[in-house]
Amino acid sequence: MSKEILSPNYIFETSWEVCNKVGGIYTVLSTRAKTLQESFPDRIIFIGPDFWQEQPCPYFREDSSLLSQWQWEAKEQGLLVRVGRWTVPGEPIAVLVDFRPYFSQKNDIYTQLWQHYGVDSLHAYGDYDEASMFSYAAALVAESLYGHLTSTGSAADGFVYHANEWMCGLGALYLNYKVPQIATIFTTHATSIGRSIAGNQKPLYDYLFAYNGDQMAGELNMQSKHSIEKQTAHHVDCFTTVSDITANECLELLDKPVDVVLPNGFDDSFVPKGSAFTRKRNLARRKMLQVANALLGEQLGDDTIIVSTSGRYEFRNKGIDVFVEAMNRLLRDRNLQRPVLAFIVVPGWVGEPRKDLQQRLENGGTFDTPLEVPQVTHWLHNMGHDNVLNMMKFYDMHNRHEDQVKVIFLPCYLDGHDGIMNLSYYDVVLGNDLCIYPSYYEPWGYTPLEAVAFRVPCITTDLAGFGLWANKEFGHEGRLDDGVRVIHRTDYNYSEVADLIKDTVSEFSAMTPRQVEACRKNAGQLSKRALWSHFITYYYQAYDIALRKARERVQTRQQ
């Protein structure tokens, strides 16, 4: 007879990106919230950092009636919290905590961490202290909530604390020690040392079996981040990551196999339907062409293929370098059937939107001369040292009139208020014909998943967790007509990858409207297989593993 799966009464989930839009983890948590809220209504409680204090947080709506009794208790205990709802689908409860008061206790906290778990905080610098103080504050919130809820009738053994990334490891270890009844889960979305090896131009994959994580942490000055991540992985009740590729990395660099892989799903409730989809897509295309025409002094027509890449500004890890390389090679490709407009949507050290470009967009009309520096929509603080602009300059990519391929760097977060595009990221994505994400280091890969959810075919690599998953779903290496072209990438085949991207864009340019539509349909269908409604089952496995371990621990301590 199969054993019954243990299910939590309450889940406390914490991340630096709860109600704080920084990167991909925000998307993971905010899209999953609706599915968990449906299964555990108001019993999933997210804990995030309060950066706003007196100011309103754009992703959070305060509500004094939620957990009102506990809010008083928290205040009595000296916790500076705000309780409300995260304004994402499902609107789960969120607690924002001010972690600044704990800096004065930092040395004592680190000493206890060393004594109990051997975590090395001596080499801390930069964001380590800030993240650790937040993690400590989040654990105090969970400890306080646990005390309140169990005193008001909840069973003592049905609580899960889910910590995301090394930034939240300290809190998971604190609870493991102080409140053993709470089951702990730790998810690393990318190992800090693996990301660092890749970002420092070292070959990660061929030598993964030979790297010693502790040794590399010393070499790359990552001792403290690596230490908290490794010790958390070894001591929590359930250790998880987001893809098979990162599971291998965890085994080799953290010396710990994961208990379960939690692939990142998607909630498609904000993908527009029917005529709204068509209207938004047409609007996005019109706007992207309008911006390009004003910047370049060109009249790019409706037959233009719009492609883009996006993500964090990790020039090598996200494959931004190989994207520019591919577009440069495409300039000389005789098989290209239609003009290509390529956007690099990556937040750089942005200064301000260009006044000259704003003026042209306001005036409207047509222009026959390009603006100065026709490769960028916003001025940057580091124009002379920017990787994208320098690579384009090196290759003499100046968006000349005769060039069939035009490349534009859009170096800001698309929140609808950037001053040039003034559309949200999702509203821009659905205007693309093809999205390209040739990542070298990508534990999962939300950008290609988001693209296919908006029925935009994409190119990715098998060094991205999503690319590996897509290959598994197709039963073969993903092709363009599948909706996702998955390119084989290694430590050393950069040039081959650039050529394959170039060839795939050329192939796309020769497709008939019917072929393109089939391609878009297949992309959309693949995204349906990655909905949270399918992937949430892996979380139930993690909860079960963690709750069983916690139960054993409590029984052992009671004996």
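**Note on selected local features of the predicted model**

1. Glu-165 is buried, with a relative accessible area of 9%. The model under discussion is a predicted one. Glu-165 sits in the loop that connects strand E6 (159–164) with helix H5 (169–178). Its phi is positive, near 70°, although the residue is not a glycine. Most residues other than glycine have a negative phi, and a reviewer may therefore wish to see this position listed.

2. A second loop residue with a positive phi is Asn-399, which is likewise not a glycine and has a phi of about 55°. Asn-399 belongs to the loop between helix H13 (387–394) and strand E14 (405–410). With a relative accessible area of 5%, Asn-399 is classed as buried, because the cut-off for that class is under 20%.

3. The loop between H13 and E14 also holds His-401. Is His-401 buried or exposed? His-401 is exposed, at a relative accessible area of 62%. Once neighbours within four places in sequence are set aside, the contacts of His-401 are with Glu-298 and Lys-406. With Glu-298 there is a polar contact from side chain to side chain, at 3.1 Å. His-401 and Met-167 lie 234 residues apart in sequence, and their C-alpha atoms are 48 Å apart in space.

4. Met-167 appears again in the surroundings of Ser-135. Ser-135 is part of helix H4 (residues 127–151), and its relative accessible area of 1% makes it buried. Beyond residues up to four places away in sequence, Ser-135 touches Tyr-161, Met-167, Cys-168, Gly-169, Leu-170 and Gly-171. To which backbone atom does the side chain of Ser-135 reach? The partner is the backbone nitrogen of Gly-171, at 2.7 Å.

5. Ser-30 is a further buried serine, with 8% relative accessibility. This residue is located in helix H1 (residues 24–39). The side chain of Ser-30 reaches the backbone oxygen of Tyr-26, at 2.7 Å. When residues up to four places away in sequence are not counted, Ser-30 touches Trp-86, Val-88 and Pro-89.

6. The next point concerns the packing of two helices. Two packed helices are described by the angle between their axes and the distance between the axes. For helix H10 (residues 274–296) and helix H12 (residues 355–363), the angle is about 120° and the axes are 9 Å apart. The two helices are therefore oblique to each other. The crossing of H10 past H12 is right-handed. On the H10 side, the contact is made by Gln-290, Val-291, Ala-294 and Leu-295, and on the H12 side by Leu-357, Arg-360 and Leu-361. By class, the residues of this contact comprise 5 nonpolar, 1 polar and 1 charged.

7. Helix H9 (residues 244–253) has as its buried residues Ile-245, Thr-246, Ala-247, Glu-249, Cys-250 and Leu-253. Following H9 is Asp-255, with a positive phi near 55°.

8. Lys-528 lies in helix H18 (residues 513–528). Its relative accessible area is 45%, so Lys-528 is partly exposed. Which residues does Lys-528 contact, neighbours within four places in sequence left aside? These are Asp-268 and His-534. The C-alpha atoms of Lys-528 and Asp-267 are separated by 9.3 Å, and the two residues are 261 residues apart along the chain.

9. Gly-78 is placed in the loop between helix H2 (68–76) and strand E4 (81–86). At a relative accessible area of 44%, Gly-78 is partly exposed. Between the C-alpha atoms of Gly-78 and His-189 the separation is 32 Å, for a pair 111 residues apart along the chain.

Definitions and conventions. Residues numbered from 1 in each chain as written. Predicted model: local features only at pLDDT ≥ 70, side-chain atom pairs only at ≥ 80, totals over all residues. Heavy atoms only, no water. Axes fitted to C-alpha atoms, helices over the stretch in contact; angles between N-to-C directions. Helix = DSSP H or I, 4+ residues; strand = E, 2+ residues; numbered from the N terminus. Parallel < 35°, antiparallel > 145°, perpendicular 65-115°, else oblique. Left-handed = near helix turned anticlockwise from the far one by under 90°. Contact = heavy atoms within 4.5 Å. Nonpolar A, V, L, I, M, F, W, Y, C, P; charged D, E, K, R; others polar. Buried < 20%, exposed > 50% of the residue type's maximum accessible area, 1.4 Å probe, protein only. Polar contact = N/O pair within 3.5 Å; in protein donor to acceptor, adjacent residues only side chain to side chain.
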